[in-house]
Amino acid sequence: SELSYNYLSKFSKKFDEIIPSRSLILFLCQNNQESLFAYLSSITNKIVPILIESGTHIEQIRSIMNAYKPEFIWIPKEKKDSFKDYNFEFEYKNYLLVSKKNAKVYKLNKNLALLLSTSGSTGSPKFVRLSYKNLESNALAISEYLSINKKEKPITVLPMSYSFGLSIINSHIINGCTLLMTTKSIMQKDFWEFLKNNKATSISGVPYTFEILLKLGFLKMQLPYLKTITQAGGRLKKELVKDLSEYCVQNKKKFFVMYGQTEATARMSYLPPESASEKSESIGIPIPKGSFDIIDDANNLISDTNIEGELIYRGPNVSMGYASNIKDLSEPDTNKGTLYTGDIAKRDSDNFYYIVGRKNR
């Protein structure tokens, strides 16, 4: 079904009437309009969501709830039996809003917008604290280097509770684009019918997504309206980078390899499409308003090319720090715009960066 931005603003008003500003809300997300509307309404109304995948095991959900004590929970209807001790607030399509009885209200830092789990800690109560400035600056930087305008129609492949998946939503919503939301996977025929019927203009994935796409014969598909392909979430084999890059050059599409971490909201660098073939192992150059440095073990700056050291990123999208329970949510920004990535990198003479390993912490 098609829904307009106008419809979203009506939903947002309803959400705002029930949930006080600066409340904490746990979302069990899916790539559907219920999750999207609740997320956007929360950000607009200064309500702070904790995003987790709706398929998360109930024991893990309980451990997150114990650590953060959210006042509200947004759940798919089929999960309501697990939340019998909560008050029903309202329902929208296949989702319910429930609230905790007599919940204690905790103070949240005024800049805190969102909590996302780090890629490696799914189900653990360790989350990254993201600010409104983090979300906005990263969405604008991504829009700039991908040249996103309101004609774009990205299709969802990655979960919105994952920083890369969410950044696709943020960078397109900020430009007033049409989002093609689907819970179907690229292995299903329905996904491809939805993509073709709605003429998706971009598709994004992690290395595993592209391994599957190539097995499905993606490079032989006729998809003239698909203009942009983006990859992040780990290193793609250089052969695949070359294959995808060549396919895009031949078919007038753009292929972007990108590097990021949840700790930097999402993206820190991108490989310009025209360099993808010759620099197939590079993470590219920093995003707009971001910068990299490489330091040695004694924290000294390495200015020479091709010398390895820890990659440091600076930019307005660097998160405020971590949280492991509700008390951490009142904490100030501890990173102050600088992220020690934990990745070992080097820089070539064209100022392109390469990840060569992980630092042993």
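**Entry 1. Phe15 and its surroundings**

I began with Phe15 and listed its contacts, setting aside neighbours within four places in sequence: Ile25, Ala38, Ser41, Ser42, Asn45, Ile47, Trp74 and Phe90. I note at the outset that the model is a predicted one.

I then asked which residues touch the most other members of the largest nonpolar core. Phe15 belongs to that group, together with Ile25, Phe27, Tyr39, Leu51, Trp74 and Leu114, in a core of 34 residues. Helix α2, residues 33–44, contributes the most to this core, with 6 residues. I recorded the general tendency alongside: in soluble globular proteins, nonpolar side chains tend to be buried together.

**Entry 2. Leu97**

I turned next to Leu97, which I found in strand β5, residues 95–99. Is Leu97 buried or exposed? Its relative accessible area is 0%, so I entered Leu97 as buried.

Beyond four places in sequence, the contacts of Leu97 include Ile25 and Trp74, and both of these also appear in the contact list of Phe15. Other contacts of Leu97 are Ile18, Ile19, Phe72, Ile73, Asn87, Phe88, Glu89 and Phe90. I also looked up the separation of Leu97 from Trp192: the two are 95 residues apart in sequence, and their C-alpha atoms lie 32 Å apart.

**Entry 3. The whole protein**

I stepped back to the overall arrangement. How many helices and strands does the protein have? I noted 8 helices and 17 strands. The radius of gyration is 21 Å, close to the 21 Å that the globule rule gives for 361 residues, so the protein is as compact as a globular protein of that length. Along the principal axes, the C-alpha trace spans about 60 × 55 × 35 Å.

Of the 361 residues, 56% are buried. Taking contacts between residues at least 6 apart in sequence, I found that 68% join residues at least 24 apart.

For the surface, I entered an accessible area of about 16,800 Å², with 49% of it belonging to carbon and sulfur atoms. The protein carries 48 positive and 37 negative charges, and the mean positions of the two sets are 5 Å apart.

**Entry 4. Helix α5**

I checked how much of helix α5, residues 163–173, is covered. The count is 11 buried residues of 11. The buried residues include Phe164, Leu166, Ile168, Ile169 and Ile173, and also Ser163, Ser167, Asn170, Ser171 and His172.

**Entry 5. Phe255**

Where does Phe255 lie? I placed Phe255 in strand β10, residues 254–260. The relative accessibility of Phe255 is 2%, so this residue counts as buried.

Setting aside neighbours within four places in sequence, I listed the contacts of Phe255 as Ile229, Gln231, Leu236, Val241, Leu244, Ser245, Cys248, Leu271 and Pro273. I also looked up Leu146, which is 109 residues from Phe255 in sequence, with a C-alpha to C-alpha distance of 9.9 Å.

**Entry 6. Lys133**

I located Lys133 in helix α4, residues 132–145. Its relative accessible area of 56% is over 50%, so Lys133 is exposed. The C-alpha atoms of Lys133 and Pro316 are separated by 7.0 Å, although the two residues are 183 apart along the chain.

**Entry 7. Two lysines with positive phi**

I noted first that most residues other than glycine have a negative phi. Against that background I recorded Lys289, whose phi is near 70 degrees. Lys289 lies in the loop between β12 (285–286) and β13 (291–295). With a relative accessible area of 71%, Lys289 is exposed.

I then recorded Lys336, which has a positive phi of about 50 degrees and is not a glycine. Lys336 sits in the loop between β15 (321–323) and β16 (338–347). This residue is exposed, at a relative accessible area of 67%.

**Entry 8. Thr334**

I ended with Thr334, which lies in the loop between β15 and β16, where I had also placed Lys336. Which residues does Thr334 contact beyond four places in sequence? I found Arg129, Met320 and Gly321. The C-alpha atoms of Thr334 and Gly321 are separated by 5.6 Å, and the two residues stand 13 apart along the chain.

Note on methods:
Residues are numbered from 1 along each chain as its sequence is written. This is a predicted model: local features need pLDDT of at least 70, side-chain atom pairs count only at pLDDT 80 or more; totals for chains, interfaces and linings use all residues. Side-chain values use heavy atoms; hydrogens and water are left out. A nonpolar core is a set of buried Ala, Val, Leu, Ile, Met, Phe, Trp, Tyr and Cys residues joined through side-chain atoms within 4.5 Å. Buried means under 20% relative accessible area, exposed over 50%, partly exposed in between (1.4 Å probe, protein chains only). Helices (H or I, at least four residues) and strands (E, at least two) are DSSP runs, numbered from the N terminus. Contact means heavy atoms within 4.5 Å. The radius of gyration is taken over C-alpha atoms; the globule rule is 2.2 Å times the number of residues to the power 0.38. Accessible areas come from the Shrake-Rupley method with a 1.4 Å probe; for residues, only the protein chains shown count as cover. Lys and Arg count as positive and Asp and Glu as negative; His and the chain ends are not counted. The place of a charge is taken as NZ of Lys, CZ of Arg, CG of Asp or CD of Glu.
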